[in-house]
Amino acid sequence: MFSLEAEIHHYIEILEPVLRDDGQKMWQALDRIISAKNAMEGIAAKEMYIRGFLDYERLVCEKDNHI
């Protein structure tokens with residue numbers, strides 16, 4: 001059992017620097033992905049608002065033309 005624990009600690013010592021560096025890159029990439037997703041959701045929401053407003057305008061104008 002002691003040899004297994006020693007082997008685990010050995011691999012942790014080897015992997016720790018790699019995980020630390022690549023982990024930082026992973027979190028940075030994840031932050032960029034989330035920021036891009038949020039930006040796209042904002043753009044989509046604005047477009048939906050504009051389309052809704054234009055649809056409302058079209059309906060109001062059609063109603064006014066029939067009067």
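What follows is a chat about a predicted model and the reasons behind the labels used for it.

Me: What does the secondary structure of the protein come to?
Reply: One helix and zero strands. The helix is α1, residues 2–66.

Me: What radius of gyration does the protein have, and what would a compact globule of 67 residues have?
Reply: The protein has 28 Å, whereas a compact globule of 67 residues would come out near 11 Å. The C-alpha trace spans about 90 × 25 × 5 Å along its principal axes.

Me: How many Å separate the C-alpha atoms of valine 60 and glutamine 24?
Reply: That pair is separated by 54 Å, with their positions 36 residues apart along the chain. For isoleucine 43 and glutamate 62, 19 residues apart, the C-alpha separation is 28 Å. Asparagine 38 and glutamine 28 are 10 residues apart in sequence and 15 Å apart in space, again C-alpha to C-alpha.

Me: What percentage of the residues in the protein is buried?
Reply: Just 1% of the 67 residues. To get that label, a residue has to be under 20% relative accessible area. The accessible surface of the protein comes to about 6,600 Å², and carbon and sulfur atoms hold 66% of that.

Me: Why is valine 60 called partly exposed?
Reply: Valine 60, in helix α1, has a relative accessible area of 29%. Buried needs under 20% and exposed needs over 50%, so valine 60 at 29% is partly exposed.

Me: And what makes isoleucine 43 partly exposed?
Reply: Same reasoning, new number: isoleucine 43 has a relative accessible area of 47%. The exposed label starts over 50%, so 47% leaves isoleucine 43 partly exposed. Isoleucine 43 also has its place in helix α1.

Me: What about asparagine 38: why is that residue partly exposed?
Reply: Asparagine 38 sits in helix α1 and has a relative accessible area of 43%. With the limits at 20% and 50%, 43% falls in between, so asparagine 38 is partly exposed.

Me: Why is the contact between glutamate 16 and arginine 20 called a salt bridge?
Reply: Their closest N and O atoms are 2.8 Å apart. The label asks for a side-chain nitrogen of Lys or Arg within 4 Å of a carboxyl oxygen of Asp or Glu, so 2.8 Å qualifies. Glutamate 16 and arginine 20 are four residues apart in helix α1, which means about one helical turn separates them.

Me: Which of glutamate 16 and arginine 20 counts as exposed, and which as partly exposed?
Reply: Arginine 20 is at 53% relative accessibility. Exposed means over 50%, so arginine 20 counts as exposed. Glutamate 16 is at 40%, so with exposed set at over 50% and buried at under 20%, glutamate 16 counts as partly exposed.

Me: How do you know that lysine 37 and glutamate 41 meet in a salt bridge?
Reply: Their N to O distance is 3.1 Å. The limit is within 4 Å, so this contact counts too. Lysine 37 and glutamate 41 are four residues apart in helix α1, about one helical turn. Lysine 37 has a relative accessible area of 47% and glutamate 41 has 43%. Partly exposed runs between 20% and 50%, so both get that label.

Me: Why does arginine 58 count as forming a salt bridge with aspartate 55?
Reply: The closest N and O atoms are 3.8 Å apart, and the limit is within 4 Å, so the label holds. Both residues lie in helix α1, three residues apart, about one turn of the helix. Arginine 58 counts as partly exposed at 42%, as does aspartate 55 at 40%.

Me: How many salt bridges does a search of the whole structure find?
Reply: Four. As background, side chains of opposite charge can pair when their charged atoms come close. The protein has 8 positive and 13 negative charges, and their mean positions are 9 Å apart.

Me: What makes the nonpolar surface patch, and how does tyrosine 11 fit in?
Reply: Tyr11, Ile14, Leu15 and Leu19 make a patch of about 410 Å². Patch residues need over 30% relative accessible area. Tyrosine 11, in helix α1, is at 44%, so tyrosine 11 clears that cut-off. As 44% is not over 50%, tyrosine 11 still counts as partly exposed.

How values were computed
Residues numbered from 1 in each chain as written. Predicted model: local features only at pLDDT ≥ 70, side-chain atom pairs only at ≥ 80, totals over all residues. Heavy atoms only, no water. Helix = DSSP H or I, 4+ residues; strand = E, 2+ residues; numbered from the N terminus. Buried < 20%, exposed > 50% of the residue type's maximum accessible area, 1.4 Å probe, protein only. Rg over C-alpha atoms; globule rule 2.2 N^0.38 Å. Areas by Shrake-Rupley, 256 points an atom, 1.4 Å probe, with all protein chains shown as cover. Lys, Arg positive; Asp, Glu negative; His and termini not counted. Charge placed at Lys NZ, Arg CZ, Asp CG, Glu CD. Patch = residues over 30% accessible without salt bridge, like charges linked within 9 Å, V, L, I, M, F, W, Y side chains within 5 Å.
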